[in-house]
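Biologist: I have a structure open in front of me and would like to learn how to read it. Could you walk me through it?

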Number of protein chains: 2
Amino acid sequence: MGQVDLRVVKTKEALHKALLTLLKNKPLEAISISEICRIAKVNRGTFYLHYTQVGDLFGEYFKEIMDDLANSYQEPYRHVAKLNPKKLNPSTVRIFHHVERYKEYYRIILSKNVPLTYYYLLLEEVKNLLTGNLEKDYKSAEGIDPNLQASYAANAILGIIIQWYQDDFEQKANYLNEQLVKILRLT
Amino acid sequence: MGQVDLRVVKTKEALHKALLTLLKNKPLEAISISEICRIAKVNRGTFYLHYTQVGDLFGEYFKEIMDDLANSYQEPYRHVAKLNPKKLNPSTVRIFHHVERYKEYYRIILSKNVPLTYYYLLLEEVKNLLTGNLEKDYKSAEGIDPNLQASYAANAILGIIIQWYQDDFEQKANYLNEQLVKILRLT
DNA sequence: ATTTTTATTGTACAACTGTTCAATAATTTA
DNA sequence: TAAATTATTGAACAGTTGTACAATAAAAAT
C-alpha cells in the first residue's frame, strides 16, 4: 500500500492541536471550521479534503478513547469475582474507571448539544465487551433475543454513567462499581 | 396574564407546518432556518424572535409526544400484573406501544446526527414514570442511590428502544414487551 | 373608535459554509 | 537527481447565520 504522505500527517496534526486548544475555552458545537483552520494555519479547503464536519475531527479522538475502554476490560479485576456469571455481567468491566480517566472527553460526548453519534459508538463498544467475553459461559435464556438483552444491559450501564455525568462526576469510580453490584444483586 | 397575541399564533403555526412539510423530504439536521421561513412565508428575523435553532421548533412537538407517553402509563394494562412489584417495574409502562404510535418521530429523535437533548428529555420522562408510581410500594434497597437505580432501569428500557429503532421497528410492540418481561425474569 | 402596545417586516452587515478551479508547493517514485 | 504525483493553497461564489434597527402593520386595551 502507498506511503502516508507527510503533508497529510502534518495537516491533521495541526488541526487536532487547534481543536484541542479551542475545546479548552468553548464547547464542541460552538467551534467553527474556519476558526480551527485559522489557528491551525491550514487552508479551509484542506479541511474539507479530510473531513466534512468539526465532529469528524473529534471522532478521531473518540477512537482512541474506545481503544482504552476495550483495554480496560482486559485488565485483571478481582473485586466482583463472586457475581453470578450466568448473566451478562457488566460489573466486570472497568468502565467507570475508564470514564473517570477520560472524564473531560465524556463531558463533551454526553453534552446535550452534541449529536448522538458518539453515544451510539459507545453503546456498541459496551455491548461488544459485555457479549464478546461472556457468550462462552452464557447460554441465551429461553426465547430472548441476545442482541436485545445486550442492548438492555449495556444501555443500563450507560444510564449510570449519564447520571454520574449529570452529577458532574462527583463520586469516585469505585463507588459506582459498588452501586452497580448492589443493583445487580437486587434481582 | 396577558392575552395570546394572534400574530404569534399564526406565525408559529406557519413555521410548524413548514417544518413538517420539509421533514417529509429531508432529515432534521439538513433543514435550514431560511428554508423554513421561505416556505412559511415568515420573515427570518421573526423566527429568531421565537426560537434560536430549528431544533427548538421540533422541541415543541416533542412536548406533545412526552404528554402521550405520560398518558400511556395511565392506561390500564393487565398483561404483566404478575410481575414482581418489589422492584422498578418497567413492563407496566406501555412505552413500546407509545413508541410504535409515534415511530416516525422516534426515527428523528434517535437519528445519529440529532443532538442528545431529546434523548435526555425522554430518559427523564421514563425515569419519572418508573419512580413516580412505584416509590410507594418500593423501599429503596440497602445503600442504593434511588436516582442511580432509576437511571439504570430507565436507560435499560431505552436500550431496547434503540435496538428496536436500529432494526427499523420491524417487530411489534407486544413482542418487545414480552422480551422485556423475559429479561426481567432472568434475575 | 381611538390610542397604545408590540409583533412582524425589510434591509443591511460581517462571518461561516460548502464547493470549485487553476496555480503552486511538497512528497514520493523511478 | 529528475520526473511524476498529489496535497495544499488562494481566490471566488452563492447561500446561511446571527444580529441590529427603523418602519410598518396588526392586535389589544381603553
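**Reading the surface near a DNA strand**

Modeller: Happy to start with a single atom pair: Thr46(A) has a polar side-chain atom 2.7 Å from a phosphate oxygen of DNA strand D. A polar contact is a pair of N or O atoms within 3.5 Å; within protein, one must be able to donate a hydrogen and the other to accept it, and residues adjacent in sequence count only if both atoms are side-chain atoms. This is a predicted model, where local features need pLDDT of at least 70 and side-chain atom pairs count only at pLDDT 80 or more, while totals for chains, interfaces and linings use all residues. Side-chain values use heavy atoms, without hydrogens and water; residues are numbered from 1 along each chain as its sequence is written, and chains are lettered from A and ligands numbered from 1 in the order in which they are written.

Biologist: Which atom of DNA strand D lies 2.9 Å from a polar side-chain atom of Arg44(B)?

Modeller: A base nitrogen. For Arg38(B), the partner at 2.9 Å is a phosphate oxygen.

Biologist: How many residues surround DNA strand D?

Modeller: Near means that a heavy atom of the residue lies within 4 Å of the strand. Here 24 residues surround DNA strand D, and Tyr48(B) and His50(A) are among the closest. They divide into 7 nonpolar (Ala, Val, Leu, Ile, Met, Phe, Trp, Tyr, Cys, Pro), 9 charged (Asp, Glu, Lys, Arg) and 8 polar (the others, Gly among them).

Biologist: How are chains A and B related?

Modeller: Two copies of a chain are related by a rotation about an axis and a shift along it. Here a rotation of 180° with 0.0 Å of shift superposes chain A on chain B, with RMSD 0.0 Å (least squares on C-alpha atoms of residues with pLDDT of at least 70 in both). That is the relation of a two-fold axis.
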